[in-house]
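Colleague: I am new to this structure and would love a close look at one part of it. Could you take me through the aromatic residues and the pocket beside them, step by step?

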Amino acid sequence: MHAEFLFDFGSPNAYLSHLVLPEITARTGVAFEYVPILLGGVFKLTNNKPPMVAFGGVKGKLEYEQRETQRFIARHKITTYRFNPDFPINTLTIMRAAVAAKESGELSRYADAVFHHMWEAPKKMDDPDVIRAALLESGLDADRLLVQAQTPEIKQRLLDNTEKAVARGVFGSPSFFVGNELFFGKDRLGEVEEEIARAA
C-alpha cells in the first residue's frame, strides 16, 4: 500500500491536511510519503490559477470556501491555524529545502517546522533571513539545508517531482495518491481513507 501527500507549504489547505493525515495513519496503519512539489510550477504547467484569482469574480464562491474551511477546522478540532498575513508567499526556497530534508531523512521534522512557521506562528517565509531564523528556532541545521537547497541536484529534484506530479494528473495542492488513484483537496480526505481501506 503506497499513499502519497503532494504538497507545497504555501497552501493553507496543505497545512490543514498535514494535521489530519496522522489520524488516517492511526486508523489504517498506512503512513503517507510526503512529496514536495512547487505549486507555482504546477499552475504554470496546467494553466491553473489560485482560487483567489480563479474565483475572485464569482459572487459568493470565496466566502463559501472560507466557510468550508471553518467547518473543516471545527470538525477536526484544529486550534493552531492562523492565516499568514504575508500570503501569498514565494515558496521556492523552502520547497527546495524540503527536498534536501527528504534526502537527509529529516523531512518529517522539517515539514512540522515549516508548516508551523507558515500557518501557526506566521512569518514571511520567502525572506532568506526569516527562513534561516525560523529553521534554527526549530532546531534544524538551517545553514546546511539552505546551502543544499541551492545545489543543481536539489533544484532538479524539485522540478522532477513537479513535472511527474502533473504527468500523473495533479493540478494543485494538496493532492493525494493511494496507489495510482488521485484525490485533490482537504475535503477528499474521507475518500482517501476509504480508498486505503478498499485497496487493503
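Modeller: Happy to! One term is needed at the start: a residue is called buried when its relative accessible area is under 20%, exposed when that area is over 50%, and partly exposed in between. Please keep in mind, too, that this is a predicted model.

Let us begin with Trp119. Its relative accessibility is 0%, so by that cut-off Trp119 is buried. Its ring has a partner in Phe87, which is partly exposed because its relative accessible area is 27%. What are the distance between the ring centres and the angle between the planes of Phe87 and Trp119? The centres lie 6.1 Å apart and the planes meet at 55 degrees, so this pair counts as tilted. Along the chain the two residues are distant, 32 residues apart: Phe87 belongs to the loop between H4 and helix H5 (92-103), while Trp119 belongs to helix H6 (residues 107-119).

This pair has company, as the structure holds 15 aromatic pairs. Phe87 and Trp119 both belong to one aromatic cluster, whose members also include Phe5, Phe7, Phe9, Tyr15 and Tyr34. Tyr81, Phe83, Tyr110, Phe115 and Phe176 are in that cluster as well.

Stay with Phe87 for a moment, since its backbone deserves a look too. Most residues other than glycine have a negative phi, and most peptide bonds are trans. The peptide bond that runs from Phe87 to Pro88, however, is cis, with omega near 0 degrees. Pro88 sits in the loop between H4 and H5. Another cis peptide bond joins Ser173 to Pro174, with omega near 5 degrees, and Pro174 is placed in the loop between helix H9 (152-167) and strand S3 (175-178). The loop between H4 and H5 also holds Lys77, which has a positive phi of about 55 degrees although it is not a glycine. Lys77 is exposed, because its relative accessibility is 70%.

Now for the pocket. The largest pocket holds about 1,400 Å³ of space. It is lined by 43 residues, and Phe87 is among the closest to its centre, together with Pro12, Asn13, Pro50 and Pro51. Which helices supply at least two residues each to this lining? They include helix H1 (12-28), helix H2 (39-46), helix H3 (51-54) and helix H4 (61-75). H4 contributes the most, with eight residues. By kind, the lining is made up of 22 nonpolar, 13 polar and eight charged residues.

Two loops next to these helices are worth a visit. Ser11 is found in the loop between strand S1 (3-7) and H1. Ser11 counts as buried because its relative accessibility is 5%, and a polar atom of its side chain lies 3.0 Å from the backbone nitrogen of Ala14. In the loop between H2 and H3 you will find Asn47. Asn47 is not a glycine, yet its phi is positive, at about 65 degrees; with a relative accessible area of 61%, Asn47 is exposed.

To finish, two aromatic rings have a charged neighbour over them. Lys186 lies over the face of Phe72, 5.6 Å from the ring centre. The charged end of Arg168 is placed over the ring of Phe177, at 3.6 Å from its centre.

Key:
Residues numbered from 1 in each chain as written. Predicted model: local features only at pLDDT ≥ 70, side-chain atom pairs only at ≥ 80, totals over all residues. Heavy atoms only, no water. 1 Å grid on protein atoms, 1.4 Å probe; cavity = no way out; pocket = protein on both sides within 12 Å on 5 of 7 lines; lining within 4 Å. Points joined across faces, edges and corners; volume = space filled by probe spheres on them. Helix = DSSP H or I, 4+ residues; strand = E, 2+ residues; numbered from the N terminus. Nonpolar A, V, L, I, M, F, W, Y, C, P; charged D, E, K, R; others polar. Phe/Tyr/Trp six-rings, centres within 6.5 Å; stacked < 30°, edge-to-face > 60°. Buried < 20%, exposed > 50% of the residue type's maximum accessible area, 1.4 Å probe, protein only. Lys NZ or Arg CZ within 6 Å of the ring centre and 35° of its normal. Polar contact = N/O pair within 3.5 Å; in protein donor to acceptor, adjacent residues only side chain to side chain.
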